Amino acid sequence: MLSQPASTDLRPDMTSAELKQAIKSLDQYLQDNIFQSAINDTLNKRSHFFDALLCQLWQPFELDPARISLNAVGGYGRQTLHPFSDIDICVIHDGPLTPTEAASVSQFLTQLWDLNLDLGHAVRSLTDTFQACKDDVTIATSLLEIRHLFGNSQHQQQVLNALYGQDLWQSQAFFNAKLSEQQERHAKAQGTSYSIEPNLKTSPGGMRDIQTLTWVARKHFSVANMQSLRSFGFLTNDEYAELMECQHFLFRVRFALHQAAQRSENRLLLQYQAEVAKLMGFGDGMAIGESGNIAIEKMMRQLFRAMKRIGELNKILMAYFQREIIPELNPQIIAINDNFEIVDKYIHVRDETVFIDRTQIMALFEFIAIHHDKIIGITAETLRSLRQVRRRLMGDLQDFQRCREQFKAIFVHPQGMGLAITLMHQHGILASYLPQWREVVGQMQFDLFHAYTVDEHTHKVLKNIYIYGNDIKTLDKDLALAADIYQKMSNKSTLLFAALFHDLAKGRGGDHSKLGAVDANLFAKFHGLKVSQEKLICWLVENHLLMSITSQRMDIYDPEVVNAFAKKVGTLTRLDALYCLTIADIQATNDDLWNDWKASLLKDLYFVTRKALRNGFENILQLRTLVREHKQEALNLLAADDDSSDEIKKLWRRLPIAFFSNAEADDIARYTQAMINHDLTPVAENQYNTLILLDDVVVKGCSDVFVYTKDRHGLFVKLFNTLATLRISVKQAQIARTKDGYVVESFKVLDFDEKPITSAQRREQVIDKLHQVLDKGVNLPKKRQSRRHQSFDNQPNIEFLHSRKSTRSLVNVSALDTSEFMEQIASAFRELDLNIHSATISTVGERADNVFLLSNKDDQQLTPEQQQQLSATLMQAITTDE
């Protein structure tokens, strides 16, 4: 070990200037020789130097050593004194100080300030010290690390004895206070250490997490350090070595950060990272944003790994401490299966060898999703087993077919992106499953926008999309539209898989969008996703920046810009998914990046593009691929033999393409079987035998109504009037004619309480009323407009779109979504004697947006005069109070 230079030696006759020079010489010596000794030795040397300095300055005052003591506390008490750390001291005295003693203590403190030291100090009697500890857990915590410097050495032990006892703080109350502090600290950092500019002290996995463990251990177990915990069985030798290794790395980074900043700084800001990397020995990096960021990236990745490991060990030990300090006498245990159970809301492995079967790792997180309402975390024993098996993995978890099925199941489950995905991220399971994820763990993003590493950003995107599934009424208004769109998606996992891959190709030296699309394509094939899913995922990954760039860099009110964007998007399905992904992506980039202006631009671009797609820009080829998939899946579900297969295909040839493109395979199979089994023959003259299905299956948060009947004049009007009279609101609908004069109609509806129709009695009432009106000609009373909407400014938008059929007109009608809206439209169509051949009815956000394919009474396209008349009639019907 190198000896310190003579310039750091202290002498009693040194002037203030000489003492400052000695401090400067010491810090320069420690900096120059940082790699010659362990970081703890370096910090101890600095502490010992200040021990000698403070004692040298204290002694000339000749304060009574039997009554008064000088003590180090806090970080200085721990002998972990970084270049610009506060020097925390506590002067303790028996009985009151005399005026002379008080003046001497004041002069001593003044000398320290004159040396430009960052000083934290307290001067208290022993009795006042005990009371201060009792009143303030922060003071009690600081004094747990009291270290005697000069004077009465008994004060140190008296304070420790009081704190180790139960009079000032009971162990349970102290633990709860420290746990609460930690939870608040983690919440302030949004639960992640993977910020581009992490706080070395307070971020999850930072130094405070280790210190919290030390404080709790000292208080309850009366141990001097973490090493002593091994004898209690809480910490294995390997875990202790790991914890110390991570702590030493954090100490080195903090030491270098203080040197780079030339002040007390705990947040590793971008402006210091290049210099810190250099001081740490990672090499000379070029300025941020240039090509030479390798040194910074290497350092930051090691830092993030260290903080992650500290965070895991903190969770394990705090759980053990809680169980020891606050034992649960009657733990609530819920069995899941032979391998897992839930113990007091924490999932637990029944046998530590469970994870020898690698598929049980994925099963753990699948169960967390399934039992989301009963689980808040993972037990310490399970985490320990998980960490051990994670180290022994010889390949990727996705190598196993069963693991692939479980991974897909987590993404399909409505709660999969809740606690399950967060714990998979925190405990390295996503990295163990996806090699692409492993490559971006701790991956820095050197720009002015991203506040998080690539993996943490991606995790946040997934969490943002998960939020879309919440009750829309509880969300910010800027998320309402995205939530409304997302909740109506038939295959939400497609969007989630796209979000998973959208940035995982960053850092490879190419267009990450294109490279990511290739990865997504291989993932989709390897995991057996449908072709339509595969295509949509790859398109979203490759174009995930398209909507953001278009909205912010181009004039979205220019028709040419809109049309070009609409052609690029191609389908409403793509538009919906891209809109949701774009918002989730921007909000996960930086907490300050999202604002009302961006929200407004994206919303405007969404609606204007939606109109453009309705007006002939939608890609039919994409729809045909989807239809082929849905037909094949439905056929497989029906498990038909040759004869019944022919009958099914014969029926399908009569049905419009919309029937297959807008329903899921299981619905298509269910409806097909019902249509084949149903006899449409009229029971009497002018009466019909309509097929009406209203199952207890809740789809997309709505009830599913299906109608199959002979087409006839006024059918649309009767149908919607009936539903309106029953106080049932239509949220989504598809109405289409078959090739031989029948209609198939599918509705997503909510009952009067804005909930699905779950009561069997209520379903029977609705079906019976529909049969009376549609089949038996029963008339319904005219429904009055709700008073609730009479004060709304309900200005409708009516637009005639391009129709591919020469004898048909296509009209888009949008207005505030009210229960009377459909009645008003139906009334206008009836008044002008128009025929409805198909309809797409949906609510988008707070507005109803609907497209109808119409003809006049001569079965021809509406003339310009008839279009003008329809517009005026609709406008009057919708805006006029009744």
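Right after helix H16 comes Gly428, and its phi is positive, near 75 degrees. That's one small detail of a predicted model that holds 882 residues, 54% of them buried. The protein packs in 35 helices and 16 strands, and its C-alpha trace spans about 120 × 60 × 55 Å along the principal axes. Here's a quick tour, from the overall layout down to single residues.

**Overall layout**

- The domain assignment splits the protein into five pieces: domain 1 (6–168), domain 2 (173–325), domain 3 (434–615), domain 4 (620–677) and domain 5 (679–879).
- If you take centres over C-alpha atoms, domain 1 and domain 3 sit 55 Å apart.
- Look at contacts between residues at least 6 apart in sequence, and 70% of them turn out to join residues at least 24 apart.
- UniProt, in an unreviewed entry, lists residues 454–578 as "domain: HD".
- In the model, that 454–578 span is 71% helix and 0% strand, and its end C-alpha atoms are 20 Å from each other.

**Two covered helices**

- Helix H2 runs over residues 39–58, and its 20 residues reach 28 Å from first C-alpha to last, close to the 28 Å expected at 1.5 Å a residue.
- Most of H2 is covered, with 15 of its 20 residues buried.
- Helix H16 (residues 416–426), the one just ahead of Gly428, is mostly covered too, with 9 of its 11 residues buried.
- The buried set in H16 mixes residue types: Gly416, Met417, Gly418, Ala420, Ile421, Thr422, Leu423, Met424 and His425.

**Nonpolar cores**

- As background, nonpolar side chains tend to be buried together in soluble globular proteins.
- Here the largest nonpolar core has 184 residues, and Phe321 and Phe365 are the ones that touch the most other members.
- Helix H12 (residues 294–325) is the top contributor to this core, giving 16 residues.
- Setting aside neighbours within four places in sequence, Phe321 contacts Phe175, Leu213, Val216, Ala217, Phe221, Leu229, Phe234 and Ile326.
- Another core of 41 residues lies apart from the largest one, and its members include Val749, Val813, Leu834 and Ala839.

**Around strand S7**

- Tyr346 belongs to strand S7, which covers residues 346–349.
- Is Tyr346 buried or partly exposed? Tyr346 counts as partly exposed because its relative accessibility is 32%, and buried would need a value under 20%.
- Tyr346 and Ile375 are 29 residues apart along the chain, yet their C-alpha atoms are 5.4 Å apart in space.
- Beyond four places in sequence, the contacts of Tyr346 are Glu341, Ile376, Gly377, Ile378 and Thr379.
- Asp344 is in the loop between strand S6 (340–343) and S7, and at 27% relative accessibility it is partly exposed.

**Positive phi outside glycine**

- Most residues other than glycine have a negative phi, so a couple of exceptions are worth a look.
- Asp344 has a positive phi, near 50 degrees, without being a glycine.
- Asp859 does it as well, with a positive phi of about 65 degrees.
- Asp859 also lives in a loop, this one between strand S16 (847–855) and helix H35 (864–879).
- With a relative accessible area of 36%, Asp859 is partly exposed.

**Two buried hydroxyl residues**- Ser703 is located in strand S10 (residues 702–710), and it counts as buried because its relative accessibility is 1%.
- Which backbone nitrogen lies 2.6 Å from a polar atom of the Ser703 side chain? That nitrogen belongs to Ile757.
- Ile757 is also among the residues that Ser703 touches beyond four places in sequence, along with Leu694, Phe747, Lys748, Val749 and Pro756.
- Val749, one of those contacts, is also a member of the 41-residue core.
- Thr722 sits in helix H32 (residues 715–725) and is buried, with a relative accessible area of 0%.
- Not counting residues up to four places away in sequence, Thr722 touches Lys769, Leu770, Val773 and Leu780.

Methods
Residues numbered from 1 in each chain as written. Predicted model: local features only at pLDDT ≥ 70, side-chain atom pairs only at ≥ 80, totals over all residues. Heavy atoms only, no water. Domains from an automatic or database assignment. Helix = DSSP H or I, 4+ residues; strand = E, 2+ residues; numbered from the N terminus. Expected span 1.5 Å × (residues − 1). Buried < 20%, exposed > 50% of the residue type's maximum accessible area, 1.4 Å probe, protein only. Contact = heavy atoms within 4.5 Å. Polar contact = N/O pair within 3.5 Å; in protein donor to acceptor, adjacent residues only side chain to side chain. Core = buried A, V, L, I, M, F, W, Y, C linked by side-chain atoms within 4.5 Å. UniProt positions renumbered as here; feature names shortened; annotations may be inferred.
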